[in-house]
Amino acid sequence: MSDTADSEIASGGGRAAQAATGATRKWVGQPLRRSEDPRLLAGRGTFVADLPFHNVCQAAILRSPYAHARIKAIDAGEALKMPGVVGVVTGADALAMTRPFGVGVRAPIKYYCMATDKARFVGEPVAVVVAQDRYLAEDALDRIQVEYEPLPAVVDPEAALAPEAALLHEAVGSNLACHRHIVYGDVERAFREADVVISESFRFPKYGSTPIETYGVVASFESATGVLTVTSNFMGPFILHPITARALNLPENRLRFIVPPDIGGSFGIKTSIYPYIALIGLAAMKLKVAVKWIEDRREHLLASSSGTDRVAYRELAARKDGTILAMRSRWYDNVGGYIRSPEPGCAFRPIGNWVGAYRFQNLEADAYVVMTNKSLTGPNRGYACGHLYFEIERMVDLLAEKLEMDPAEVRRRNFIQSDQFPYRTPSGGLYDSGDYPAAFAKALELAHYDELKREREKARAEGRLFGIGVAAAVDPSVSNMGYVTVALDPQDRARPQYLPKSGALEAASIRLDPLGKLTVILGSTPQGQGHQTIVAQIVADEFGVSPDDVTVVDEMDTFTRVWGISSGTYSSRFGSVGTSAAALAARKLKEKLVAYASYLMEVPPEALGVVDGAVREKSGGRGLTLKELAGRAHWNTESLPRGMEAGLEATAVFSFPEAKAPDHQDRVNSSNTYGFIAEVMAVEVDPETAAIKILRYVTVHDAGQIINPAIVEGQIYGGALHGLGGALYEEMLYDEQGQCLVGSFMDYLVPTASEAVKIDIGHIATSSPFTTLGAKGLGESSSMTVPAVLANAVSDALRPLGVRIRELPITPSRLWHLMETARRGRP
Amino acid sequence: MKPPPFDYHAARSVSEALELLGRYAEDARLLAGGQSLVPMLNFRLATPRVLIDLNRVGELAYIREENGWLRLGAMTRQRAIEFSPLVKERIPLLVEALGYVGHLPTRTRGTIGGSVAHADPSAECPALVCALGGELVIRGAGGERVVGAADFFQDFFTTALQPGELLVEVRLPVMPARSGWAFEEFARRHGDFAIVEVAAQVTLDERGGCRAARVAAAGVGATPLRLRAVEQIVERGGGAGAVVAQAAARAAELVDPAGDHHASADYRRHLTEVLTRRALSRAFAGVERSK
């Protein structure tokens with residue numbers, strides 16, 4: 001396979017790597033205990049529901065009990081008469097005071113913050129009651145009379161495209177929100193010339209993350225200034241700020257988002273809080289009171305957000321030596337009743353890594369994004385990569401099965417090689433660094449792969465169902481916002497009035513205070529990732545101080561912080577882009593301190609360096625401590641050299657240069673760093689009950705330079721358990737009429753500590769040439785590989801029966817039926 | 001998820017609870033450990049006008065042995081039973097079954113009487129009472145009555161308890177000598193209500209024959225089901241593998257489960273056979289070991 005790495009880019013990356021200054025790394029790389037934990041573990045976190053507000057009223061939301069129904073009339077008269085009820089908001093108010101949210105597709109879909117004409121999924125907001133407390137508000141919900149005209153519903157994304165299917169949006173004319181057919185390379189020829197062709201179909205379930213803290217919004221409108229202030233657990237991306245401002249008919253500088261110090265988890269789900277920000281904002285603006293709404297768990301399961309359920313068909317063309325030549329795929333992503341931004345990211349977010357870890361150059365994707373009467377979707381940990389790798393990694397295993405080769409060997413034969421980085425994928429991704437064969441070999445070694453194979457042989461001889469699965473995945477992070485625009489045809493993007501979109505940036509500010517200590521101010525919205533800890537580690541290394549000397553502030557406020565459209569804490573971006581911004585801000589401040597010290601000490605700046613909390617002569621001679629410099633610069637501005645700006649602070653905005661808009665052939669570098677995951681899992685299936693026991697699970701990651709191994713370990717554990725949820729337990733199930741069957745944690749099963757498996761973790765590190773510290777994102781982690789590796793392991797265990805996993809979650813009941821069907825089909 | 005308004009009374013004694021029950025009758029619900037009722041209140045699935053809290057009724061929390069029976073006060077916490085040396089010695093099957101009831105924090109709060117009176121068709125405590133032929137002591141304005149397990153569990157979440165009545169005690173027969181036991185449960189996660197569970201206790205005679213067997217399954221119908229025909233097969237034929245297999249196959253014929261999104265009817269029926277076989281095999285093996 002030819003080397004497709006583009007030499008110009010390779011040298012660009014090299015320059016970025018060389019730009020790193022040689023700070024001594026004493027703290028970066030250490031498993032420092034998280035400075036956030038003492039207060040969180042002692043119950044002293046500050047979450048949105050904890051914040052004190054004066055004279056705040058509470059909202060409760062009346063939700064549609066129907067999957068699809070016309071709303072003919074709403075009578076809130078009885079509710080309004082109840083003591084303690086302040087007011088009611090309905091779709092009529094939304095029509096009068098708000099606009100539909102912008103959507104990322106051309107189809108004319110009107111998505112308001114609540115139902116205005118029809119309800120299109122169970123749980124869609126139909127009315128809001130604002131009352132003196134939540135109990136009264138919920139009592140009042142029972143008194144609102146809504147006259148519904150129930151309509152036929154559709155829940156399956158393929159069925160929804162049939163001409164006779166119930167139509168959700170009359171103006172669109174079908175349930176298709178978006179369709180793109182994209183071809184890279186010469187797929188026809190590859191299939192023509194292939195020795196073997198494999199076909200398979202897949203179903204990936206709709207599931208979410210169920211963060212321990214649900215959505216929370218507090219909105220107050222100051223009519224004198226026209227400012228709507230919203231405190232919420234909003235996490236970004238901040239493109240949703242202008243989108244919300246526009247929906248509320250507010251100038252952007254009259255909409256203030258404040259994020260409290262703590263958010264109790266998100267995993268992408270809280271991206272989709274913004275319609276509720278608009279809804280509660282609308283209530284505050286209409287009723288002229290401050291309004292608080294804390295989502296309860298039932299509301300969260302019914303109507304917050306989830307990943308899409310997907311039906312997919314794949315074909316793979318290969319040579320008989322195992323070389324993959326091409327893949328074809330057609331899939332149907334189910335985004336629910338409306339398409340809510342950033343959807344259709346489900347279809348396009350992994351576009352740059354559509355080939356996974358493999359070298360093949362020919363790729364065809366036929367992506368349908370379909371609306372049905374289910375709840376709405378959005379980013380969920382690994383945003384669409386769980387789907388992708390479940391499909392790709394099953395296909396590679398099927399190829400191995402067909403060729404009677406070891407699945408590990410088939411992967412080895414197709415991996416992108418370590419000398420090919422930075423590697424340009426056929427769909428435009430620019431893999432920054434990696435050594436896939438080495439990481440994969442390490443996973444096999446940690447798992448004692450050969451020993452496992454011997455165990456399998458022995459087990460099979462005894463009639464036991466023992467299986468081994470392997471999986472490999474490229475772990476994309478720091479989404480380039482431009483990917484979403486692949487939803488539009490290249491002709492649409494070529495129109496002169498069209499404005500291209502791209503970008504992945506983060507900002508940070510740093511200040512040396514008059515007593516010589518450092519404060520770093522971030523524009524991030526962490527949900528438990530430990531930003532304070534890792535930024536303190538990075539800045540401590542830059543200045544040669546202790547992390548205890550650094551205070552890190554991460555409470556977002558759009559009125560006071562530096563931020564951009566792509567800001568926010570999502571897409572595993574802080575570990576690379578946020579840390580880069582913090583390091584760059586520190587270096588800018590260091591440069592100023594060196595210049596100042598050079599002036600004071602009458603030593604050329606080249607002869608000075610920042611070590612051990614001081615600017616010192618590199619020769620080891622004289623120096624001035626940070627405290628001494630701060631004391632002079634702040635208390636006596638006369639001491640500054642002529643032309644030097646007063647104040648000891650710096651702000652840096654780090655922006656990825658390779659985050660570009662899609663080209664006319666739909667190629668786009670959809671993320672900015674690309675890590676790697678290699679996994680091995682051994683399972684045994686109970687032939688009678690179909691229970692799956694995980695016997696061994698190894699995961700090896702390449703996230704470049706690791707800043708805090710303890711935090712990384714936590715992310716891997718959480719990611720793996722989340723993946724286990726999608727593979728075995730979690731599914732937002734609906735019946736044919738669109739009724740949601742999982743309204744509580746009794747029915748929506750999330751793996752708990754009891755279901756956790758032992759995880760053997762390994763790392764290799766190939767530094768990213770594109771980030772200041774060489775670090776890559778790792779937060780999505782094994783959430784995207786566990787469904788794949790588990791499906792492969794279970795399929796391998798059931799190979800004596802000929803059962804292949806093509807649908808998740810693998811519930812015992814489903815698996816038993818597959819096994820029974822296979823057994824009955826045998827002579 | 002906030003309950004509608006209700007009046008709350010904290011009873012201090014059985015007589016006070018009965019007096020309150022008499023006063024409010026059908027409008028009242030009794031609050032024991034609250035592990036099911038409180039979520040039902042929050043979901044507005046239960047909307048009682050009055051809640052009578054039994055958690056301060058100390059006289060209902062006890063474990064006693066009397067005339068070959070263990071008597072468990074209805075408000076005895078599941079955790080207290082699980083850790084009682086007396087229960088462990090007299091009815092080890094109960095201790096094993098309690099290990100499957102929710103999680104440690106829920107068992108610390110949950111009570112034996114609350115679980116039995118709630119009568120969830122998949123719950124462990126009702127299944128166990130059913131398997132062992134337990135008795136339920138019920139008190140009302142008219143005095144006390146004792147109802148056998150077979151008559152107590154009537155339908156989904158429905159028991160012989162009448163409005164104004166209070167379950168005060170659960171009585172279970174002490175395990176005879178030369179017995180073995182096993183509780184087999186299949187659930188999707190640890191601590192969940194079972195998809196299917198089977199409780200078994202077998203007692204051998206001096207010659208090694210099976211003198212008595214007690215088998216019940218739950219998760220397979222509206223109430224836990226005592227499988228008398230299964231018991232009879234092993235009582236006649238003993239604990240040999242083939243007999244146990246035959247008994248297990250019979251169990252699958254006796255149940256008529258419904259399917260839901262956790263498990264199909266066929267799968268539940270199949271699990272009944274598998275778990276009955278496993279429970280009986282382990283119960284018989286246990287006797288062998290204890291000899």
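In chain B of this predicted model, 64% of the contacts with a separation of 6 or more join residues that lie 24 or more positions apart. The chain's secondary structure consists of 12 helices and 14 strands. Of its 291 residues, 48% are buried.

The overall dimensions of chain B can be set beside these figures. The C-alpha trace spans about 60 × 45 × 35 Å along its principal axes. A compact globule of 291 residues would have a radius of gyration near 19 Å, and chain B, at 19 Å, therefore agrees with that expectation.

Chain B also touches chain A, in a contact that draws 16 residues from chain B and 21 residues from chain A. On the chain A side, three helices each supply at least two residues: α5 (134-141), α9 (297-303) and α21 (812-824). By class, that side of chain A divides into eight charged, seven nonpolar and six polar residues.

Within chain A, a pair of helices can be followed in detail. Two packed helices are described by the angle between their axes and the distance between the axes. For helix α16 (residues 531-543) and helix α17 (residues 574-601) of chain A, the angle is about 35° and the axes are 10 Å apart. The crossing of α16(A) and α17(A) is right-handed. From α16(A), the contact is made by H531(A), I534(A), V535(A), I538(A), V539(A), E542(A) and F543(A). Facing them from α17(A) are F574(A), G578(A), T579(A), A582(A), A583(A), A586(A), R587(A) and K590(A). The contact of α16(A) with α17(A) comprises nine nonpolar residues, along with three polar and three charged ones.

Notes. Residues numbered from 1 in each chain as written. Chains lettered and ligands numbered in written order. Predicted model: local features only at pLDDT ≥ 70, side-chain atom pairs only at ≥ 80, totals over all residues. Contact = placed C-beta atoms within 7 Å. Helix = DSSP H or I, 4+ residues; strand = E, 2+ residues; numbered from the N terminus. Nonpolar A, V, L, I, M, F, W, Y, C, P; charged D, E, K, R; others polar. Rg over C-alpha atoms; globule rule 2.2 N^0.38 Å. Buried ≥ 20, exposed ≤ 12 C-beta atoms within 10 Å, placed from the backbone. Axes fitted to C-alpha atoms, helices over the stretch in contact; angles between N-to-C directions. Left-handed = near helix turned anticlockwise from the far one by under 90°.
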